[in-house]
Amino acid sequence: MKLRLLGLSTAVMIAIVACGGSEGGMVEGTDVVVRMFDNRFEFTEIRIPVGGTVNWVGAGRQPHNAVAADESWSTETVFGSLDQFDGDSASLSYDQAGEYTFFCTYHGNAQGENMAGVLIVGEPSS
Ligand SMILES: [Cu+2]
């Protein structure tokens, strides 16, 4: 009986860890900070209002960046390079409502695979 209980709690813990590890989670706000780890974004779903800001901050040993799949914006335009290392930040304001797939050109792709996510610019969800 004791062994069965132990097995169950271990399975639950593994499920929680697996969930937190594969998905970056959602963040919502007017002025959001998103760290770029090796090799994933801190958040894979970002919601800001029109005119909101995302501060993309390097937080890894590898260089990272954030680029819109439709090429409408890129951290390169404000940072001056696609290579953001630990502590390098690029703050972008978004004045066009829309849903943007974004990715790191080194570790993701425009199909939204691997190091990638979705930025939703619009009215805050209630
Ligand atoms: Cu990267």
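Let me start with strands β8 and β9, residues 98-108 and, for β9, 114-121, which in this predicted model run antiparallel and are joined by seven bridges. The two strands form a hairpin with five residues between them, and in that turn Gly112 has a positive phi of about 85°. One of the facing pairs puts Gly108 opposite Asn114 in β9.

β9 also pairs with strand β4, residues 45-48, but here the sense is parallel, and the pairing extends over four bridges; in this case Glu45 stands opposite Val118.

If we step back to the chain, we find two helices and nine strands, and from the N terminus on the order is α-β-β-β-β-β-β-α-β-β-β. Among contacts between residues at least 6 apart in sequence, 46% join residues that are at least 24 apart, and 25% of the 126 residues count as buried.

That brings me to the interior. The largest nonpolar core has 19 residues, and those touching the most other members are Val34, Ile46, Val54, Trp56, Ala66, Phe102 and Phe103. At least two residues of this core come from each of β2, β4, β5, β8 and β9, with β9 giving the largest share, four residues. As a general point, nonpolar side chains in soluble globular proteins tend to be buried together.

Which residues, then, is Trp56 in contact with, leaving aside its neighbours within four places in sequence? They are Val34, Met36, Ala66, Thr75, Ser89, Ala90 and Leu92, and of these, Val34 and Ala66 are again among the core residues that touch the most other members.

Terms used. Residues are numbered from 1 along each chain as its sequence is written. This is a predicted model: local features need pLDDT of at least 70, side-chain atom pairs count only at pLDDT 80 or more; totals for chains, interfaces and linings use all residues. A residue is buried if 20 or more other C-beta atoms lie within 10 Å of its own, exposed if 12 or fewer, and partly exposed in between; C-beta atoms are placed from the backbone. Two residues are in contact if their C-beta atoms, placed from the backbone, lie within 7 Å. Two strands pair if DSSP finds at least two bridges between them. A nonpolar core is a set of buried Ala, Val, Leu, Ile, Met, Phe, Trp, Tyr and Cys residues joined through C-beta atoms within 7 Å.
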